[in-house]
Amino acid sequence: SRQPPHSMARAITPEQREDLRSRLVDNLAAVRFAGSGESGVDNLQRAAEIEAKAFSAAERLGSDGAADAAVVREYSRAAGEMMTQAIGNVDGVSADDDDASSSSSSSSEDEMSGLAGLIQRLALKHREQGGQLDQDGIPVMPEPESREPLLSSFDIAGVAEYIKSGKCKRIVIMAGAGISVSAGIPDFRTPGTGLYDNLQKYNLPHPTAVFELDYFRENPKPFYLLAKELYPGNFPPTPTHHFIRLLHEKGLLARCFTQNIDSLEAAAGIPGDKIVAAHGNFDAAHCLRGHAADVNDVKAHVDRGDVMRCKEVGCNELVKPDIVFFGEALPQRFNRLAATDFDDCDLLIVAGTSLAVHPFAGLVDFPSEDTPRLLVNREVVGELDPRMRSLRQMLGRGAGFDFSEEGNYRDALWLGDCDDGFMELATLCGWGDELREMCERK
């Protein structure tokens, strides 16, 4: 299939980028469901590849003017092709369903190609089956049947009671940069203090360029300078990391899936087999052609601020730690364990993440519908607006967190700093003294 165009690539402002993402939210969310909830490793890998291409295209598009509008339509068409290749037909609705498309009330098939066309065909099928559509043609799903609450209360106290009940034996953690903030490591997206807001000193075309392969090939120096600040050993584990270790010692930790590259989970004493570094870390390194590099040699180069090149005879390619850049596939171990761990867990805890990076963010929908979930974060994340919730429910996919009074039966929420939230949870579980002692050890 044709790939999203890059000919109009240019730096765009953060405001333009957010505006663009808002305008493309239906398309991007539709791409996300192309493997969300599936158990096969191949589906997860295809979804990861599609997401990388979709977000890469979104980063390169401007948001104003007729020319940009044309590019957005072309992006939608190309993303639609990739999505339909990954998921095939959905409930018998094919991307080549000419009868459905001929019923379109829009101006032409060109305007309704790709994702927009597929969404409309799904909507028409929904209406044929007696379903209702909203004013924009998005299916309106019937109100779900009320379910018995899985927690006594949708807060830390309710989760603590559930853990103490003995019904909770396998806990999966999803951790983001927010759990490392108190160690002195900035998260990525917090305005003013986040890493992306403080990269101007590297003269990047846009903040995320520091983790893009194309830019790294062109100018690896900024990444090496940033790596020196982030390298493991410079920061101590936080109380949140120690809480995860405590879960392991209690025999309750099934796995910790982390977006972080700081290796603080290992520094806290969590065994390596319990950690899945979804975005890689500094524990290994390779050149861009795949030759292994000595991690001690890499660290020496990073400490000096020198860019390292491969020492294999005849190679001389750039070397980087095994951190996943935008456009790279996630580690196979992530795909393999994500396909099994979430199905078997009794509780999912999501902490310190914006849930903005896929496919990691989609993991919140991997547990069964009978699994309680807890979000410990400074802000509410992972909730979809009603339109996208309806679309995903129509396709039989997960719809993120639901903290509403009407629909919530399993999602608990604690807003604030992660360390405070997990200290309270440990205290309510009767583990407060143990956690404080762990935090005080050198």
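**Helix α7 and its surroundings in the predicted model**

In helix α7 (residues 156-164), the buried residues are Ile156, Gly158, Val159, Ala160, Tyr162 and Ile163. These positions come from a predicted model, as does everything else described here. As for what sits over the buried residues of α7, the cover includes the strands β3, β9 (347-351), β10 (373-377) and β11 (411-415), along with helix α15. Just past the end of α7, glycine 166 adopts a positive phi of about 90 degrees.

Stepping back to the whole chain, there are 16 helices and 11 strands. Of the 442 residues, 51% are buried. The accessible surface adds up to about 20,200 Å², and carbon and sulfur atoms account for 47% of that. Looking at contacts between residues at least 6 apart in sequence, 71% link residues at least 24 apart.

Helix α15, already met as part of the cover over α7, also packs against α10. Helix α15 spans residues 418-429, and the axes of α10 and α15 are 8 Å apart at an angle of about 35 degrees. The crossing of α10 past α15 is left-handed. On the α10 side, the contact involves Pro239, Thr240 and Phe243; on the α15 side, Cys418, Asp419, Phe422, Leu425 and Ala426 take part. Sorted by class, this contact of α10 with α15 contains 6 nonpolar residues, 1 polar and 1 charged.

Helix α10 (residues 239-249) has another helix to deal with, namely α16 (residues 432-440): here the axes come within 9 Å and cross at roughly 125 degrees. Angles from 65 to 115 degrees count as roughly perpendicular and those over 145 as roughly antiparallel, so α10 and α16 are oblique to each other. This time α10 goes by its partner α16 in a right-handed crossing. The residues that α10 brings to the contact are Pro239, His242, Phe243, Arg245, Leu246 and Glu249, and they meet Glu434, Leu435, Met438 and Cys439 of α16. The tally for α10 with α16 is 6 nonpolar, 1 polar and 3 charged residues. Pro239 and Phe243 of α10 turn up in the contact with α15 and again in the contact with α16.

Some single residues deserve a look too. Leucine 230 belongs to helix α9 (residues 221-230). With a relative accessibility of 10%, leucine 230 counts as buried, since the cut-off for that is under 20%. Setting aside neighbours within four places in sequence, leucine 230 contacts Ile185, Phe235, Ile261 and Phe282. One of these partners, phenylalanine 282, is 52 residues from leucine 230 in sequence, yet their C-alpha atoms are 9.6 Å apart in space.

Serine 263 sits in the loop that runs between β4 (253-258) and α11 (264-267). Its phi is positive, about 60 degrees, although serine 263 is not a glycine. Serine 263 is also buried, at 12% relative accessibility. Apart from residues within four places in sequence, the contacts of serine 263 are Pro232, Asn281 and Asp283.

Asparagine 316 is another non-glycine residue with a positive phi, in this case about 65 degrees. Asparagine 316 is placed in the loop between α12 (295-304) and β8 (319-323). The relative accessible area of asparagine 316 is 49%, and the label partly exposed runs up to 50%, so asparagine 316 is classed as partly exposed. Serine 263, by contrast, is buried.

Finally, there is a buried glutamate in a loop. Glutamate 212 is located between β3 (171-175) and α8 (213-218); strand β3 is also among the elements covering the buried residues of α7. The relative accessible area of glutamate 212 is 10%, which means that glutamate 212 counts as buried. Leaving out residues up to four places away in sequence, glutamate 212 touches His206, Phe325 and Phe326.

Key. Residues are numbered from 1 along each chain as its sequence is written. This is a predicted model: local features need pLDDT of at least 70, side-chain atom pairs count only at pLDDT 80 or more; totals for chains, interfaces and linings use all residues. Side-chain values use heavy atoms; hydrogens and water are left out. Axes are lines fitted to C-alpha atoms, for helices over the stretch in contact, and angles run from 0 to 180 degrees between N-to-C directions. Helices (H or I, at least four residues) and strands (E, at least two) are DSSP runs, numbered from the N terminus. Angles under 35 degrees count as roughly parallel, over 145 as roughly antiparallel, 65 to 115 as roughly perpendicular and the rest as oblique. A crossing is left-handed if the near helix is turned anticlockwise from the far one by less than a right angle, and right-handed if clockwise. Contact means heavy atoms within 4.5 Å. Ala, Val, Leu, Ile, Met, Phe, Trp, Tyr, Cys and Pro count as nonpolar, Asp, Glu, Lys and Arg as charged, and the others, Gly among them, as polar. Buried means under 20% relative accessible area, exposed over 50%, partly exposed in between (1.4 Å probe, protein chains only). Accessible areas come from the Shrake-Rupley method with a 1.4 Å probe; for residues, only the protein chains shown count as cover.
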